[in-house]
Amino acid sequence: LDLLVALVRYRTIFREERVGLCSQWLARLEAGARLAVSVIPGSMRLPADPEANLLLLCAGTGLAPMRSLLQAIQRRGPPSMVTLIFGHRREQHDFLCRDELQ
């Protein structure tokens with residue numbers, strides 16, 4: 001099971017720091033910590049036709065389900081034409097899975 005998590009941390013217009021509840025909790029866990037999780041099947045499916053072209057659009061951690069589809073395409077055999085358009089605010093911090101995608 002892979003998790004794709006971005007730590008949410010920002011300042012409001014009143015200069016108050018805000019953090020994401022779940023991402024902050026995960027960031028504080030020690031390496032190797034055990035978690036109880038459940039997996040619910042998603043609704044995204046690959047087309048039955050392996051030759052079908054795919055256009056994948058996402059931003060930020062929305063990359064997670066697209067990454068899952070890309071991995072499924074690789075497992076299924078020779079990939080069809082796949083285009084991923086991925087947006088992020090700050091390349092240095094937000095380009096998650098950079099090495100894998102390049």
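## Exercises on strand β3, the cysteines and Gln-24

Strand β3 spans residues 54-59 in this predicted model: Leu-54, Leu-56 and Cys-58 make up a covered face, while Leu-55, Leu-57 and Ala-59 make up an uncovered one.

**Exercise 1.** Work out which strand pairs with β3, and how it runs.

*Solution.* Start with the partner: β3 is joined to strand β4, residues 82-87, by six bridges. Next, the direction: β3 and β4 run parallel. To pin down the register, take Leu-54, whose bridge partner in β4 is Val-82.

**Exercise 2.** How many disulfides does the structure hold? Then check Cys-22 and Cys-58 one by one.

*Solution.* Searching the whole structure turns up zero disulfides. Cys-22 is in none, as its nearest cysteine sulfur belongs to Cys-97 and lies 17 Å away. For Cys-58, the closest cysteine sulfur is again in Cys-97, at 9.9 Å. A disulfide needs the two sulfurs within 2.5 Å, so Cys-58 is too far off for a bond.

**Exercise 3.** Buried or exposed: sort Cys-22 and Cys-58.

*Solution.* Use the cut-offs: under 20% relative accessible area is buried, over 50% is exposed. Cys-22 comes in at 53%, so it's exposed. Cys-58 has just 14%, so that one's buried.

**Exercise 4.** Describe the surroundings of Gln-24.

*Solution.* First, place the residue: Gln-24 sits in helix α1, residues 21-28. Its relative accessibility is 10%, so Gln-24 counts as buried. Now look at its neighbours: leaving out residues up to four places away in sequence, Gln-24 touches Leu-7, Arg-9 and Val-19. Finally, go to the side chains: those of Gln-24 and Arg-9 make a polar contact at 3.3 Å.

Key:
Residues numbered from 1 in each chain as written. Predicted model: local features only at pLDDT ≥ 70, side-chain atom pairs only at ≥ 80, totals over all residues. Heavy atoms only, no water. Helix = DSSP H or I, 4+ residues; strand = E, 2+ residues; numbered from the N terminus. Buried < 20%, exposed > 50% of the residue type's maximum accessible area, 1.4 Å probe, protein only. Polar contact = N/O pair within 3.5 Å; in protein donor to acceptor, adjacent residues only side chain to side chain. Contact = heavy atoms within 4.5 Å. Pairing = 2+ DSSP bridges.
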